[in-house]
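Thank you all for coming. I would like to walk through one protein with you, going from the whole chain down to a few single residues, so please keep the picture in view.

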Amino acid sequence: MNKYKIILFDLDGTLTDPKEGITKSVQYALKKMNIDEVNLDYLERFIGPPLHYSFAEFYNFDENQTKRAVEFYRERFKEKGMFENELYSGIPTLLMKLNKQEYKLVVATAKVTEFANQILQYFQLDPFFELVVGSHFDGTRSSKAEMIQYILNQYHGHSLSDFVMIGDRKYDGIGAREVGIDFIAVTYGYGSLQELKACEPTKIVDSVEQLQEVLLKK
């Protein structure tokens, strides 16, 4: 039987493909900040890291500018952006099989928890998960290490080896390493293979099917 008991899933780029909703909402926010960005592919780098970090890092916004940009982003995102999103093929089947095998499933996402819950409900994935942990509206609890540690604290009596983090960006891998749990990297999301290899993941998989094989192997 597989050694894991509690499986942590990133949301964006792991369970769903959020490119359209995120990039268009970033584009909208930048427009409000008097920056025209026509290339949505260029804005893919916003998929994964916390919003506050991304606006500051990629556009050199100061604290006040970052706060305004995040507010503009959320204006559009909560209205339509969160639903401009697609499930990766095979995800519902994978989650169903994991539930039947009595794995405990948790979402760990940089997205605000309230938005994450709405997305899971929209795709009817919410019954599969025991817990959804995201960031707060004020930008706190935005690092994956903080989220993972919070999740570990909810499951007393389990060893670190019982947990695994699954994600598509370095932030997932770094968070898992800082806390001391395994990390399975998925290449079908938005992190490059080079980025993921640099995190020294426990395993790298290229598809949902491969992920299923790894998690459900006897």
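Let me begin with the protein as a whole, which you are seeing as a predicted model: of its 218 residues, 53% count as buried. The surface that the protein exposes comes to about 10400 Å², and carbon and sulfur atoms supply 46% of that area.

If you follow the chain from its beginning, you will find a secondary structure of 9 helices and 8 strands. The radius of gyration is 17 Å, close to the 17 Å that the globule rule gives for 218 residues, so the protein is as compact as a globular protein of that length. Taken along the principal axes, the C-alpha atoms fill a box of roughly 55 × 30 × 30 Å. Among the contacts with a separation of 6 or more, 65% are made by residues that lie 24 or more positions apart. As for charge, the protein has 26 positive and 32 negative charges, and the mean positions of these two groups are 2 Å apart.

Now please turn to strand 4, which covers residues 104–112 and is mostly covered itself, with 8 of its 9 residues buried. Which strands does strand 4 pair with? One of them is strand 1, residues 6–9, which runs parallel to strand 4 and is joined to it by 4 bridges; here Ile 7 has Leu 105 of strand 4 as its bridge partner. Another is strand 5, residues 131–135, which also pairs with strand 4 in the parallel sense, over 4 bridges, and there you can see Ala 108 standing opposite Val 133 of strand 5.

Let me finish with two residues that sit in helices. The first to look at is Ser 54, which has its place in helix 2, residues 51–59. Is Ser 54 buried or exposed? Its relative accessibility is 0%, and because buried means under 20%, Ser 54 counts as buried. Leaving aside residues up to four places away in sequence, Ser 54 touches Arg 45, Phe 46, Pro 49 and Tyr 59.

The other residue is Gln 194, which is found in helix 8, residues 193–198. With a relative accessibility of 68%, Gln 194 counts as exposed, because the cut-off for that word is over 50%. Gln 194 and Lys 170 are 24 residues apart in sequence, and in space they are 9.8 Å apart, going from C-alpha to C-alpha.

Methods
Residues numbered from 1 in each chain as written. Predicted model: local features only at pLDDT ≥ 70, side-chain atom pairs only at ≥ 80, totals over all residues. Heavy atoms only, no water. Helix = DSSP H or I, 4+ residues; strand = E, 2+ residues; numbered from the N terminus. Buried < 20%, exposed > 50% of the residue type's maximum accessible area, 1.4 Å probe, protein only. Rg over C-alpha atoms; globule rule 2.2 N^0.38 Å. Contact = heavy atoms within 4.5 Å. Areas by Shrake-Rupley, 256 points an atom, 1.4 Å probe, with all protein chains shown as cover. Lys, Arg positive; Asp, Glu negative; His and termini not counted. Charge placed at Lys NZ, Arg CZ, Asp CG, Glu CD. Pairing = 2+ DSSP bridges.
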